[in-house]
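Me: I'd like to learn how to read a protein structure, one feature at a time. Could you walk me through this one?

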Amino acid sequence: MKGGEKIMATTTKLALTFNIASNKTSVINYNYAKPSVTEAQVQALASGIVTNGSIFKKVPLSVKSAKLITTDTTEFDVE
C-alpha cells in the first residue's frame with residue numbers, strides 16, 4: 001500500500017441460533033454467506049440442520065433465530 005491508501009472489504013456471515021437441551025442455545029456461523037440469500041433458503045438450511053441434528057453433540061431442537069451479519073473492514077497504512 002502507498003501512504004494513506006485504504007482497502008475496504010465487506011464480508012457477510014450467516015448466524016443460526018438453535019434451541020438445545022436445558023433451555024440453552026447453540027450458534028452455528030457460516031462465513032462468506034451470499035448477501036443475496038433468501039429467507040426461504042435460510043429456513044430450508046436451518047430445518048435440515050434440525051432434522052439431521054443427531055450428528056451434533058449439542059442436538060438442535062428448534063430454530064431460535066437467523067441473522068445475516070455484514071462487516072465492513074477498512075485497513076490503513078500506518079507505516
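**Reading the fold, step by step**

Reply: Let's start with one residue and work outwards. This is a predicted model. Setting aside neighbours within four places in sequence, Ala46 is in contact with Leu16, Phe18 and Val63.

Me: Which residues make up the largest nonpolar core?

Reply: The general idea is that nonpolar side chains tend to be buried together in soluble globular proteins. Here the largest nonpolar core has eight residues: Leu14, Leu16, Phe18, Ile28, Ala33, Val42, Ala46 and Ile49. Strand 1 (6-20) and helix 1 (39-51) are the elements that give two or more residues to this core.

Me: How many helices and strands does the protein chain have, and what pattern do they follow along the sequence?

Reply: Count the elements, then walk along the sequence. The protein chain has one helix and three strands, and the pattern reads β-β-α-β.

Me: In what order do the strands sit in the sheet?

Reply: Order in a sheet is read from strand to strand across it. In this model the three strands form an open sheet in the order 2-1-3, with antiparallel pairing. Strand 2 (24-31) and strand 3 (62-76) stand at the edges with a single partner strand each, so one side of each has no neighbour in the sheet. From one strand to the next, the twist averages 25°.

Me: How many bridges join strand 1 to strand 3?

Reply: There are 14 bridges between these two antiparallel strands. You can also look for residues facing each other across a pair: Leu14 stands opposite Leu68 in strand 3. Leu14 is also one of the residues in the largest nonpolar core.

Me: Where does helix 1 lie?

Reply: For a helix on a sheet, check what it crosses and at what angle. Helix 1 lies across strand 1, strand 2 and strand 3, and runs at about 45° to strand 1.

Me: What radius of gyration does the protein chain have?

Reply: It helps to set this value beside that of a compact globule. For 79 residues such a globule would have a radius of gyration near 12 Å, but the protein chain has 17 Å. The C-alpha trace spans about 55 × 25 × 20 Å along its principal axes.

Me: And what percentage of the residues is buried?

Reply: Buried residues make up 19% of the 79 in the protein chain. As for the surface, the chain exposes about 6100 Å², and carbon and sulfur atoms supply 53% of that.

Me: What about contacts between residues far apart in sequence?

Reply: Take the contacts between residues at least 6 apart in sequence: 64% of them join residues at least 24 apart.

Methods: Residues are numbered from 1 along each chain as its sequence is written. This is a predicted model: local features need pLDDT of at least 70, side-chain atom pairs count only at pLDDT 80 or more; totals for chains, interfaces and linings use all residues. Side-chain values use heavy atoms; hydrogens and water are left out. A nonpolar core is a set of buried Ala, Val, Leu, Ile, Met, Phe, Trp, Tyr and Cys residues joined through side-chain atoms within 4.5 Å. Buried means under 20% relative accessible area, exposed over 50%, partly exposed in between (1.4 Å probe, protein chains only). Helices (H or I, at least four residues) and strands (E, at least two) are DSSP runs, numbered from the N terminus. Contact means heavy atoms within 4.5 Å. Two strands pair if DSSP finds at least two bridges between them. Axes are lines fitted to C-alpha atoms, for helices over the stretch in contact, and angles run from 0 to 180 degrees between N-to-C directions. The radius of gyration is taken over C-alpha atoms; the globule rule is 2.2 Å times the number of residues to the power 0.38. Accessible areas come from the Shrake-Rupley method with a 1.4 Å probe; for residues, only the protein chains shown count as cover.
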